[in-house]
Amino acid sequence: MMNAVLIQNDRSLRWDEVPSPVCGDDEVLVEIHYAGVNRADLMQREGNYPPPPGCPPWMGLEVSGIIRKMGCTAERESSFRVGDAVCALLGGGGYAEYIAVRWDMLMPLPENCSLCEGAALPEAFCTGYLNLFREGHAKAGDVLLVTGGNSGLASVIIPMAKAFGLTVVTTVRSAKTAEAIRPLGADRIVDTTVTALPDVLRELADAGTPVSIAIDCLGGTAMGECLPYLAHGARWIMIASLAGELTEINLRTIFVKNIRIIGSTLRSRAPEVKAALMAELVQKVWPMVSDGRIRPTIHAVLPITEAEEAHRILQTGGHSGKVILKVR
């Protein structure tokens, strides 16, 4: 037996006993040390984002820890070994003491990176890389808009985009938050309580530097209002709708400017797609993590028994970076 964070009928959380995972032939057993907290966990807790079939019912999409056991196929086909420090991308089940996970859902811990930082890598870095390069086709010189600049995801996307030569515009909702995220290196931070985002995009377009890629977790009315000021052929990638699910779009804008509106989630991707993304991350991005060009930003580290408080931080906002749960 082991412990995991269980969702009760009243949606409260309880650290309680559950059966220990069984390690399959193509899996490794990871002793979890830290687990990253994501908005998807809050959605799952509310009953709106169930885990994929075969995944544990408790929350947790990313962890770091130590390999304690390996299946025969995993040991034969991978370069991992018992005792390795790793981080893992999960369909669910990270709020626990152990997880059995396919070996190709593991990544080695980057050099000069702690286990605590490692738990902040898999979900945010895979999501950032997916949407920048697979969906957004980002290249040096592009102008990127990232909404919700204080989120854990934005804390990864902003420095990643800068490392690959993009200009980055991001949004916050207070001057205090703007100062908190300034070290991430965004070229422009827009406080939307003072300046409307469509006005900023119009200004950029008039200056000849329109936004060519947007990664948007907010949506709402501002999304449709921004579209007329994008570059020709721009990609607007919707990953969530925290500011509202409805907007008004002039369809003529879409076809005249060849704008692509793309819906994107990582969790729903096939394991093979995730494995390919992770392999690219290790090859192309991990060296930048190791030498400090890109580092995860951690807002708070709480004991796993305080998962309720971790969720409250994400729900109330005002944080800057990832919230991490310490398991051991």
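Let me start with one side chain: that of Ser 155, which reaches the backbone oxygen of Gly 152 at a distance of 2.6 Å. Before going further I should say that what we are looking at is a predicted model.

Ser 155 is found in helix 5, which covers residues 154-163. Is this serine buried or exposed? Its relative accessibility is 1%, and because buried means under 20%, Ser 155 counts as buried. If we leave aside the neighbours within four places in sequence, Ser 155 is in contact with Leu 184, Arg 295, Thr 297 and Gly 321.

The helix around this serine is itself mostly covered, with eight of its ten residues buried. Besides Ser 155, the buried residues of helix 5 include Ala 154, Val 156, Ile 157 and Ile 158, and the list goes on with Pro 159, Met 160 and Ala 161. What do these residues pack against? Their partners are two helices, helix 4 (122-135) and helix 10 (271-290), together with strand 8 (143-146), strand 9 (167-172) and strand 11 (213-216). Just after helix 5 comes Gly 165, where phi takes a positive value of about 90°.

One residue of helix 5 that I have not yet named is Lys 162, whose side chain meets that of Asp 187 in a salt bridge, at 2.8 Å from N to O. This pair links distant parts of the chain, since Lys 162 belongs to helix 5 while Asp 187 sits in the loop between helix 6 (175-181) and strand 10, 25 residues apart. Lys 162 has a relative accessible area of 30% and is therefore partly exposed, and Asp 187, with 44%, is partly exposed as well.

Let me now turn to the sheet. Six strands form an open sheet in the order 10-9-8-11-12-13, and the pairing is parallel. Which strands stand at the edges? They are strand 10 (188-191) and strand 13, each of which has a single partner strand, so that one side of each is left without a neighbour in the sheet. On average, and ignoring direction, neighbouring strands of this sheet are turned by 15° against each other.

Within the sheet, strand 8 and strand 9 pair in the parallel sense over four bridges, and the bridge partner of Val 146 in strand 9 is Thr 170. Helix 7, made of residues 197-206, packs on the sheet and touches strand 8, strand 9, strand 10 and strand 12, while its direction makes about 145° with that of strand 10.

Towards the other edge, strand 12 (residues 235-238) and strand 13 (residues 260-263) run parallel and are joined by four bridges, with Trp 236 standing opposite Ile 261 in strand 13. How does the chain get from one of these strands to the other? It crosses from strand 12 through helix 9 (residues 251-256) to strand 13, in a β-α-β crossover that is right-handed.

Coming back to helix 7, there is a salt bridge between the side chains of Asp 199 and Arg 202, at 3.1 Å from N to O. These two residues are three apart in helix 7, and so they are separated by about one helical turn. In general, an α-helix has 3.6 residues a turn, so residues three or four places apart point the same way. Asp 199 is partly exposed at 37% relative accessible area, and Arg 202 is partly exposed at 33%.

The structure holds 18 salt bridges. Among them is the one between Asp 16 and Arg 14, whose closest N and O atoms are 2.6 Å apart; Asp 16 counts as partly exposed at 26% relative accessibility, and Arg 14 counts as partly exposed at 36%. There is also a network of salt bridges that links Arg 134, Glu 280 and Lys 284.

I will finish with two loop residues. Most residues other than glycine have a negative phi. Arg 11, however, has a positive phi, near 75°; this arginine lies in the loop between strand 1 (2-7) and strand 2 (13-18), and at 39% relative accessibility it counts as partly exposed. His 137 also is not a glycine and has a positive phi, of about 50°. Where does His 137 lie? His 137 is placed in the loop between helix 4 and strand 8, and with a relative accessible area of 52% this histidine is exposed.

Methods. Residues are numbered from 1 along each chain as its sequence is written. This is a predicted model: local features need pLDDT of at least 70, side-chain atom pairs count only at pLDDT 80 or more; totals for chains, interfaces and linings use all residues. Side-chain values use heavy atoms; hydrogens and water are left out. Two strands pair if DSSP finds at least two bridges between them. A crossover is right-handed if, with the strands pointing away from the viewer, the path from the first strand over the helix to the second runs clockwise. Buried means under 20% relative accessible area, exposed over 50%, partly exposed in between (1.4 Å probe, protein chains only). A polar contact is a pair of N or O atoms within 3.5 Å; within protein, one must be able to donate a hydrogen and the other to accept it, and residues adjacent in sequence count only if both atoms are side-chain atoms. Contact means heavy atoms within 4.5 Å. Axes are lines fitted to C-alpha atoms, for helices over the stretch in contact, and angles run from 0 to 180 degrees between N-to-C directions. A salt bridge is a side-chain nitrogen of Lys or Arg within 4 Å of a carboxyl oxygen of Asp or Glu.
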